[in-house]
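Colleague: Could you take me through the surroundings of the ligand in this model, and then through the packing behind them? I would enjoy a close look with the contacts spelled out.

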Amino acid sequence: MDSQPKLRVLFSRQEIAATVSRLATEISQDYHDKYPLLISILKGSFMFLADLIRHLDFPLEVDFIGLASYGKGRHTSGKIKVVQSLRSPIKDREVLVIEDIVDTGLTTAFCLDYLRQKKPASLKLCVLTDKPSRRQVPVTIDYLGFTVPNKFLVGYGLDWDEKFRNLPDICFIEDED
Ligand code: IMP
């Protein structure tokens with residue numbers, strides 16, 4: 001077994017809950033009468049989606065898309081591909097993409113381009129954490145939870161090599177001395 005990295009809490013479960021609630025209020029104002037399709041980018045946004053939609057008290061649908069960008073560990077390969085397709089047609093739908101983190105922006109930009117080609121009526125983006133210091137391509141975020149420093153985050157769905165998704169707080173991995 002590898003030695004465990006040192007983790008420090010960046011956002012507690014209480015701070016996350018307050019932010020998810022605030023995002024849900026913003027989304028409700030814009031989508032309450034639009035019967036939107038929320039598309040969650042797997043795997044990292046599953047927990048965020050699950051908490052968010054419990055606050056949305058209007059008709060909506062949920063779908064999932066699987067994109068692979070990172071190899072093992074903390075470094076992106078830069079290559080993105082669809083590894084799990086949508087089940088729902090999105091033509092003429094009001095689509096809201098739910099993402100856990102925007103880092104370089106490559107994954108999200110790829111996803112939005114891919115979805116835009118399917119001609120939704122509208123396409124917006126809700127992101128829990130944004131790491132703007134690492135951006136390589138521009139991404140417009142319509143609903144943002146937290147702006148985060150250039151640290152590797154884990155917990156609340158975010159993983160490091162598939163581990164730590166189950167942590168209820170968002171933590172960062174402390175640099176080794
Ligand atoms: P991007 O394409 O560089 O914006 O990265 C997007 C994807 O990389 C996210 O959906 C995550 O899967 C992963 N990622 C980027 N930064 C982090 C991080 O700090 N922790 C965990 N995963 C990350």
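Modeller: Happy to. A polar contact here is a pair of N or O atoms within 3.5 Å. Please keep in mind that the model is predicted. With that cut-off in hand, start at Leu 153, where a polar backbone atom sits 2.6 Å from a nitrogen atom of the ligand. Two side chains add to this picture. In Thr 104, an N or O atom of the side chain is 2.5 Å from an oxygen atom of the ligand, and for the side chain of Asp 100 the corresponding distance to a ligand oxygen is 3.3 Å. On its own the ligand has 490 Å² of accessible area, and the protein covers 92% of that.

Which elements give two or more residues to the shell around the ligand? They are β3 (61–70), β5 (94–102) and α3 (106–116). Of these, β5 gives the most, with four residues. In total, 17 residues surround the ligand, and the closest are Asp 103, Thr 104, Gly 105, Thr 107 and Leu 153. By type, the shell divides into seven nonpolar, six charged and four polar residues.

Now to the packing. The largest nonpolar core has 27 residues, and those that touch the most other members are Ile 27, Phe 48, Leu 52, Leu 96, Ile 98, Cys 126 and Tyr 156. The elements giving two or more residues to this core are α1 (13–31), α2 (46–53), β5, β6 (122–130), β7 (143–147) and β9 (170–173), and α1 gives the most, with six residues. Leu 52 is a good place to zoom in: leaving aside neighbours within four places in sequence, Leu 52 is in contact with Val 20, Leu 23, Ala 24, Ile 27, Ile 98 and Cys 126. Apart from this core lies another, of 18 residues, with Ile 80, Ile 90, Val 95 and Ala 109 among them. As a general point, nonpolar side chains in soluble globular proteins tend to be buried together.

One last residue to inspect is Ile 41, found in strand β2 (residues 37–42). Ile 41 counts as buried because its relative accessibility is 2%, and buried means under 20%. Beyond neighbours within four places in sequence, Ile 41 is in contact with Ile 65, Leu 67, Val 97, Ile 98, Glu 99 and Cys 111. Ile 41 and Ile 90 are 49 residues apart along the chain, with 15 Å between their C-alpha atoms.

Methods: Residues are numbered from 1 along each chain as its sequence is written. This is a predicted model: local features need pLDDT of at least 70, side-chain atom pairs count only at pLDDT 80 or more; totals for chains, interfaces and linings use all residues. Side-chain values use heavy atoms; hydrogens and water are left out. A residue is near a molecule or strand if one of its heavy atoms lies within 4 Å of it. A polar contact is a pair of N or O atoms within 3.5 Å; within protein, one must be able to donate a hydrogen and the other to accept it, and residues adjacent in sequence count only if both atoms are side-chain atoms. Accessible areas come from the Shrake-Rupley method with a 1.4 Å probe; for residues, only the protein chains shown count as cover. Ala, Val, Leu, Ile, Met, Phe, Trp, Tyr, Cys and Pro count as nonpolar, Asp, Glu, Lys and Arg as charged, and the others, Gly among them, as polar. A nonpolar core is a set of buried Ala, Val, Leu, Ile, Met, Phe, Trp, Tyr and Cys residues joined through side-chain atoms within 4.5 Å. Buried means under 20% relative accessible area, exposed over 50%, partly exposed in between (1.4 Å probe, protein chains only). Contact means heavy atoms within 4.5 Å.
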